[in-house]
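Student: Before we look, can I quiz you on the labels people put on a structure? I'd like each one set against its definition.

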Amino acid sequence: MFDRAENVPPDRLHAVTVAICGLACRIRSTNADMLALYLRRIAWTPLPPETVPACRIDLIFARDLGWPSWEWTEDGWAMHIYDQIVTDAGYHAAYPYFPRQWIVGEADTGRALYLLDDVGDLPAWDSGSPFRIPLHWIFSARKGCLMHSASLGIDGHGILLAGPGGSGKSGTTLAGLAHGLSTVGDDYVMVDLNEGPFASRVYRMVKQDAAGVARIPGLGARLGERRTNWQGKFEFDPDGLFPGAVRDRMRLHGILLPSRGGGDRSALEPVSRPGAVRLLSEAMSGEAPAQKVEALLFVVALTLHLPTYRMRLSTDPAEIASTVRSFIEARLQ
Amino acid sequence: MTTGQLAIAAPKCVADDFNGEIVALNLESGLYFSLRDLAGAVWRDLVAGHRAEDVVRAVSDSDPALGGEVGALVDRLLAEGLLRPVATDVPATGDITAAAFAAAGARAILVDTYDDMRDLVLTDPVHEVDEEAGWPTRREDT
């Protein structure tokens with residue numbers, strides 16, 4: 001597959017070289033519209049065309065090139081066994097979740113490839129956080145990790161908000177943004193331990209369902225007539241609605257695991273390291289089969305530096321934001 | 001005292017350097033370790049291919065007592081299953097840094113050991129994991 005991708009005539013590919021979390025990345029696709037859509041969602045900065053990229057992600061639709069489908073033909077597979085086979089061969093893989101979809105990477109070169117039959121085979125969840133699986137592979141090689149987490153902060157210092165879908169990460173982020181806190185992302189952020197725990201912005205979008213939007217006074221009117229995504233959530237660039245609240249990077253001082261509690265006061269409760277590791281391992285990269293020992297090691301290292309608390313959320317966005325602010329300020333003292 | 005070249009005892013041990021702190025995980029014992037300051041420097045020298053006795057000697061030359069502690073650390077890293085002897089010597093990369101590290105004042109051999117995740121780490125990857133999620137997510141019926 002990589003050989004085939006390498007030999008696609010350049011005039012059949014649309015390509016850009018951009019910096020994502022400071023990393024020079026070449027992105028190519030056979031479909032100009034999809035490339036443009038993905039670039040609208042990723043937080044990138046332009047680079048000169050002559051920049052030598054550190055990684056490359058190809059988004060190739062076989063039909064655009066007249067290629068046949070790349071089908072998995074063997075009977076019976078188990079994700080973790082398949083994952084082990086490709087890992088032993090020096091590759092990463094996130095296939096097969098559905099037919100005709102291959103998402104693969106080369107561990108040594110930083111090259112990653114989506115090989116799909118057709119645009120319609122692109123997983124709906126991928127466009128919400130484009131390239132999150134290959135970006136996780138690429139960051140992992142650099143002591144980083146794309147984590148399924150949100151973030152809130154003050155003046156470049158902040159916390160991760162981790163937990164399964166529906167636990168309240170995005171709602172907590174939105175509550176913070178509406179009350180003066182900043183963020184580097186509400187769904188996936190890049191966490192690295194190179195200079196201590198830091199979180200960096202990878203995506204431009206914040207997502208929230210109608211109920212969450214309604215909890216923030218005036219937000220619904222400011223969003224206007226937007227359509228919801230495949231999850232029934234509104235997606236918007238928070239920079240436009242909360243000017244100055246979006247940061248590229250913040251130093252981390254703790255991890256909060258939100259859960260919907262109710263009442264008028266949020267409550268914080270310490271979580272044991274094993275409990276935190278278990279939960280954060282599952283948050284490493286969402287749908288990617290990332291439950292590998294290297295991922296576990298990263299989470300262990302992260303929890304050695306960051307205290308973890310369960311946060312039972314009140315129903316008051318202002319109170320939630322105030323609790324997060326107080327937590328961060330206490331950690332800074 | 002341990003002598004010769006050592007390497008990370010893969011596959012039973014995985015370890016990485018996080019901004020100077022070595023985090024090492026023994027997948028057989030379920031213990032994990034944090035090595036900081038001089039302990040981290042010694043680890044880096046050893047996995048860079050420097051012979052154990054050369055690392056100990058480099059520290060002992062300026063501080064024999066501290067050299068003894070470094071020797072004890074090396075023994076412990078083997079005993080804990082984090083490092084193993086190398087059968088065939090390979091060229092070391094870079095210079096030994098532990099002595100300069102100690103001379104600069106970072107003389108503490110900080111090794112923290114944790115056993116609070118043994119259940120998680122020792123999950124049988126074949127029989128006990130959730131097949132969809134993979135290791136280390138344990139199946140609910142185990």
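Tutor: Sure. Start with burial: a residue is buried if 20 or more other C-beta atoms lie within 10 Å of its own. Keep in mind that this is a predicted model.

Student: Why does A:Cys145 count as buried?

Tutor: A:Cys145 has 24 C-beta neighbours inside 10 Å, and the cut-off is 20 or more, so A:Cys145 counts as buried. A:Cys145 lies in strand E8 (residues 144-147) of chain A. Its C-alpha atom is 9.3 Å from that of A:Val299, 154 residues apart along the chain.

Student: What makes E2 and E6 of chain B edge strands?

Tutor: Each of them pairs on one side only. Two strands pair if DSSP finds at least two bridges between them. E2(B) and E3(B) have six bridges, in the antiparallel sense, so that pair qualifies. One partnership there joins B:Val14 to B:Leu25 in E3(B). The order of the open sheet is E2-E3-E4-E6 in chain B, which puts E2 and E6 on the edges.

Student: Which helix of chain A packs on that sheet?

Tutor: Helix H12 (residues 293-305) of chain A, touching E2, E3 and E4 of chain B. The direction of H12 makes about 130 degrees with that of E3(B).

Student: How do you know that domain 1 and domain 2 of chain A touch?

Tutor: Contact needs C-beta atoms within 7 Å, and 19 residues of domain 1 are in contact with 21 residues of domain 2. On the domain 1 side, H6(A) supplies the largest share, six residues.

Notes: Residues are numbered from 1 along each chain as its sequence is written. Chains are lettered from A and ligands numbered from 1 in the order in which they are written. This is a predicted model: local features need pLDDT of at least 70, side-chain atom pairs count only at pLDDT 80 or more; totals for chains, interfaces and linings use all residues. Two residues are in contact if their C-beta atoms, placed from the backbone, lie within 7 Å. Helices (H or I, at least four residues) and strands (E, at least two) are DSSP runs, numbered from the N terminus. A residue is buried if 20 or more other C-beta atoms lie within 10 Å of its own, exposed if 12 or fewer, and partly exposed in between; C-beta atoms are placed from the backbone. Axes are lines fitted to C-alpha atoms, for helices over the stretch in contact, and angles run from 0 to 180 degrees between N-to-C directions.
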